[in-house]
Amino acid sequence: MSAIIGFIEIHLRIPEAHSLKEKRKVVKRVVERLKNKFNVSVSEIGDQDRWQSSIIGVVTVGSSKKIVDATLEKVIVFIEELYPGKLVNYYKEIL
């Protein structure tokens, strides 16, 4: 049996942030909600020094490609519904 690994790189726009402190508050909330709801690993992986943008990495592991892909798609839908207009784009890969 082999494990299937899924990864998403999510690019967020945070227009209401006027400082790194405000941005971190939003990013922290996104990260914690994703971890709690989907049991995935999440971290800010880029744009740490930019006030109004963030790149977040989400990783999950499962026993089938179908399950991993479904989880990643749910993460995208969740972010789009929770923060409308903030998801700029994303890149998904399943290994």
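I take a residue as buried when its relative accessible area is under 20%. The model I am reading is predicted.

**Serine 54**

I looked up serine 54 first and placed it in strand β3. Its relative accessible area is 1%, so I enter serine 54 as buried. I then asked which side chain makes a polar contact with the side chain of serine 54. The partner is the side chain of glutamate 44, at 2.9 Å. Leaving out residues up to four places away in sequence, I listed what serine 54 touches: Ile10, His11, Leu12, Ile14, Lys23, Val27, Glu44, Gly46 and Asp47.

**Nonpolar core**

Next I went to the largest nonpolar core, which has 24 residues. The members that touch the most other members are Ile10, Leu34, Val42, Ile56, Val58, Val75 and Ile79. I checked which elements supply this core and noted at least two residues from each of β1, α1 (20-38), β3 (53-62) and α2 (65-82).

I followed isoleucine 79 further. With residues up to four places away in sequence not counted, isoleucine 79 touches Ile10, Leu12, Leu34, Pro84 and Leu87. Ile10 and Leu12 are also among the residues that serine 54 touches.

**Isoleucine 5**

Last, I turned to the surface. I found isoleucine 5 in strand β1, which runs over residues 4-13. Is isoleucine 5 buried, partly exposed or exposed? I enter isoleucine 5 as partly exposed, because its relative accessible area is 36% and that class lies between under 20% and over 50%. Ile5 forms a nonpolar surface patch with Val59, Val61 and Leu95. Together the four have about 340 Å² of accessible area.

Technical notes
Residues numbered from 1 in each chain as written. Predicted model: local features only at pLDDT ≥ 70, side-chain atom pairs only at ≥ 80, totals over all residues. Heavy atoms only, no water. Patch = residues over 30% accessible without salt bridge, like charges linked within 9 Å, V, L, I, M, F, W, Y side chains within 5 Å. Areas by Shrake-Rupley, 256 points an atom, 1.4 Å probe, with all protein chains shown as cover. Salt bridge = Lys/Arg side-chain N within 4 Å of Asp/Glu carboxyl O. Helix = DSSP H or I, 4+ residues; strand = E, 2+ residues; numbered from the N terminus. Buried < 20%, exposed > 50% of the residue type's maximum accessible area, 1.4 Å probe, protein only. Core = buried A, V, L, I, M, F, W, Y, C linked by side-chain atoms within 4.5 Å. Contact = heavy atoms within 4.5 Å. Polar contact = N/O pair within 3.5 Å; in protein donor to acceptor, adjacent residues only side chain to side chain.
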